[in-house]
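Please work through the following exercises with the sequence and the structure at hand. Each task is followed by a solution in steps.

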Amino acid sequence: PQLVPNFEAQYEDFKKTIPDTVDIVDGGMVTTKEQAMAAGDKFRAADVDLVFLQLLTYATSYNVLPAIRDLDVPVVCINVQKKLAPDYANTDIPIWLGDLYACGAVGEAVADLERAGKRHAVITGVVEGGDPEVAAQIEDWCKAAQVRRRFRQTNIAQIGRPYRGLMDLYIDETNLYNRMWLYTKQFDWEDMWAIADDITDTEAIKAKAQDIIDTFEVEGGATADDEDILDMAKHVLAFEQWAKDEDLSMIASHYAGKAQGVAGKLDSMLIPAFSMLIKQGTACAVEGDMKVAMAMSILKTISGMGQLSEMYSIDFNEDICIIGHSGSGDADISLAHKPTMKIVKVFHCKVGGGYLTQFYPPVGPVTYLAITQDKDGNFKFVVAEGENQPGPIFTFGDTNMRTKFSIPCREFVNRWSEAGPTHHMAAAAGRHIDTILKVAKILNVPVDVITR
């Protein structure tokens, strides 16, 4: 009994280390089966995305399973000791069990989690003096859990249909919802043609026009007062309101019509409009690719950026892969240069012309994430980290990067392609595989790691 105040204080201190970005469902101090069952009732009612289990001392593992028996989320065992090291001569059993016990119970707990078929992880560290590694791991798990929350609470829109003939992009939306909890809302392009008709707030339009000019360097020196930019701003506002009304965090679209009249006007606006949506957090994928929209959303959630990409070419002289894509992109990845926008008469593989945007990812670490499926419809992540290199890029207006991997480029292309990733993937500056692995564990999806 004399240990209870010590444990209660440690528990309260631990909860204060959880990032403010999450809502805590507090299961409380659990020392009996009945308390564990009550905690489990709370967790189910809240549909928790992740469970942290703080192991304060030795406790038999039967206190654990009743709380998580009916959950399909990972249990992260927080195995953090209060003191850095024992004062051996002055340590009695209460001090040992209260301040120095962080290793014995966790193996037992994980053994039962494993036998119960529960996903799990362990974070070991110390309280005294602070432990940045523990704090970073907890924050990373919280960041990963936000992906599950986004998938469960929001929707993905499909406008039109996938690009004709790209069978790697086709998807069973019922299977998508059953396996990834992501609900599809279908829209025809006819639904979109009048999307900006009701946008009449001139001050809001002017403010959005300025946002566009602040985001893009427009060829020809356009300003926020130009008629074309103001018209674009109306469409951006309309798409933002539509995404909000429909609870959309992802959009996959493809237009294959004749692009005349109102259809042509909207089609010419799509690239900058969707780029502005990506900037504010809604992943927008071209060619109707719902899987890459998911990958973009995951990277945007965990890293703040998610750029659509595909394999372009190989420079065998320099042993680099050239990777990029045309169309909408993420301004937040354009760290090397302000994104550019220009008017073109013909789009690559599209009908008609309009606005072409280009983004400039920085030199340095980069992470690629593709989402694919096997013959049974199971989803799989394919990931790779590399280094973007300085040097020339293509000049025909598409976003592209010069990426060197830890293996020769021909071996990388072999291994990446053998994983069956589809021809699209998402990209983000930085190294994010460790967080992606946590996302995969939360979503219960296997991962092929190609390079790190």
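The exercises below concern a predicted model and treat its helices, its sheets and its nonpolar cores in turn.

**Exercise 1. The buried side of helix H1**

Determine which residues of H1 are buried and what they pack against.

Solution.
Step 1. Helix H1 covers residues 4-15, and its 12 residues reach 17 Å from the first C-alpha to the last, close to the 16 Å expected at 1.5 Å a residue.
Step 2. With buried taken as under 20% relative accessible area, the buried residues of H1 are Asn6, Phe7, Gln10, Tyr11, Phe14 and Lys15.
Step 3. These residues lie on the same side of H1, because they cover an arc of only 165 degrees around the axis.
Step 4. The general rule behind such a pattern is that an α-helix has 3.6 residues a turn, so residues three or four places apart point the same way.
Step 5. The partners of this buried set are strand E1 (51-54), strand E2 (75-81), helix H4 (93-99) and helix H6 (132-153).

**Exercise 2. The parallel sheet around strand E4**

Establish the strand order of the sheet that contains E4, and locate the helices that pack on it.

Solution.
Step 1. Strand E4 (residues 155-160) is mostly covered, with 5 of its 6 residues buried.
Step 2. On one side, E4 runs parallel to strand E5 (residues 183-187) and is joined to E5 by 5 bridges; here Ile156 stands opposite Thr184.
Step 3. E4 is also joined to strand E7 (residues 248-254), by 6 bridges and again in parallel, and Gln158 stands opposite Ala252 of E7.
Step 4. The complete order in this open sheet of 4 strands is E5-E4-E7-E8, with parallel pairing.
Step 5. E5 and strand E8 (283-285) are the edge strands, each pairing on one side only.
Step 6. Direction ignored, neighbouring strands of the sheet are turned by 20 degrees against each other on average.
Step 7. Helix H7 (residues 173-180) lies across E4 and E5 and runs at about 150 degrees to E5. Helix H11 (residues 261-279) packs on the sheet as well, touching E4, E7 and E8, and its direction makes about 145 degrees with that of E8.

**Exercise 3. Ala256: buried, exposed or partly exposed?**

Place Ala256 in the chain and classify its accessibility.

Solution.
Step 1. Ala256 belongs to the loop between E7 and H11.
Step 2. Residues between the 20% and 50% limits count as partly exposed; Ala256 is therefore in this class, at 48% relative accessibility.
Step 3. A C-alpha separation of 62 Å lies between Ala256 and Ala59, which are 197 residues apart along the chain.

**Exercise 4. Helix H10 and the nonpolar cores**

Compare the span of H10 with its expected value, and relate its buried residues to the largest nonpolar core.

Solution.
Step 1. Helix H10 (residues 227-245) has 19 residues, which should span 27 Å at 1.5 Å a residue; its end C-alpha atoms are 27 Å apart, so the two values agree.
Step 2. Among the buried residues of H10 are His235, Phe239, Glu240 and Trp242.
Step 3. The largest nonpolar core has 95 residues, and those with the most contacts inside it are Phe239, Trp242 and Phe381.
Step 4. Beyond its neighbours within four places in sequence, Trp242 is in contact with Ala157, Ile159, Phe187, Met192, Ile195, Leu248 and Ile251.
Step 5. A second, separate core of 20 residues includes Phe43, Ala67, Cys77 and Val110.
Step 6. Just after H10, Asp247 takes a positive phi of about 55 degrees.

**Exercise 5. Pairing of strand E9**

Identify the strands that pair with E9 and the sense of each pairing.

Solution.
Step 1. Strand E9 (residues 307-315) pairs with strand E16 (residues 425-429) in the antiparallel sense over 3 bridges, and Gln307 has Ala427 as its bridge partner in E16.
Step 2. E9 and strand E10 (residues 320-325) also run antiparallel, joined by 5 bridges; the partner of Glu310 in E10 is Gly324.
Step 3. The hairpin of E9 and E10 has 4 residues between the strands, and Asp319 in this hairpin takes a positive phi near 60 degrees.

Terms used. Residues numbered from 1 in each chain as written. Predicted model: local features only at pLDDT ≥ 70, side-chain atom pairs only at ≥ 80, totals over all residues. Heavy atoms only, no water. Pairing = 2+ DSSP bridges. Helix = DSSP H or I, 4+ residues; strand = E, 2+ residues; numbered from the N terminus. Expected span 1.5 Å × (residues − 1). Buried < 20%, exposed > 50% of the residue type's maximum accessible area, 1.4 Å probe, protein only. Arc of directions from axis to C-beta. Contact = heavy atoms within 4.5 Å. Core = buried A, V, L, I, M, F, W, Y, C linked by side-chain atoms within 4.5 Å. Axes fitted to C-alpha atoms, helices over the stretch in contact; angles between N-to-C directions.
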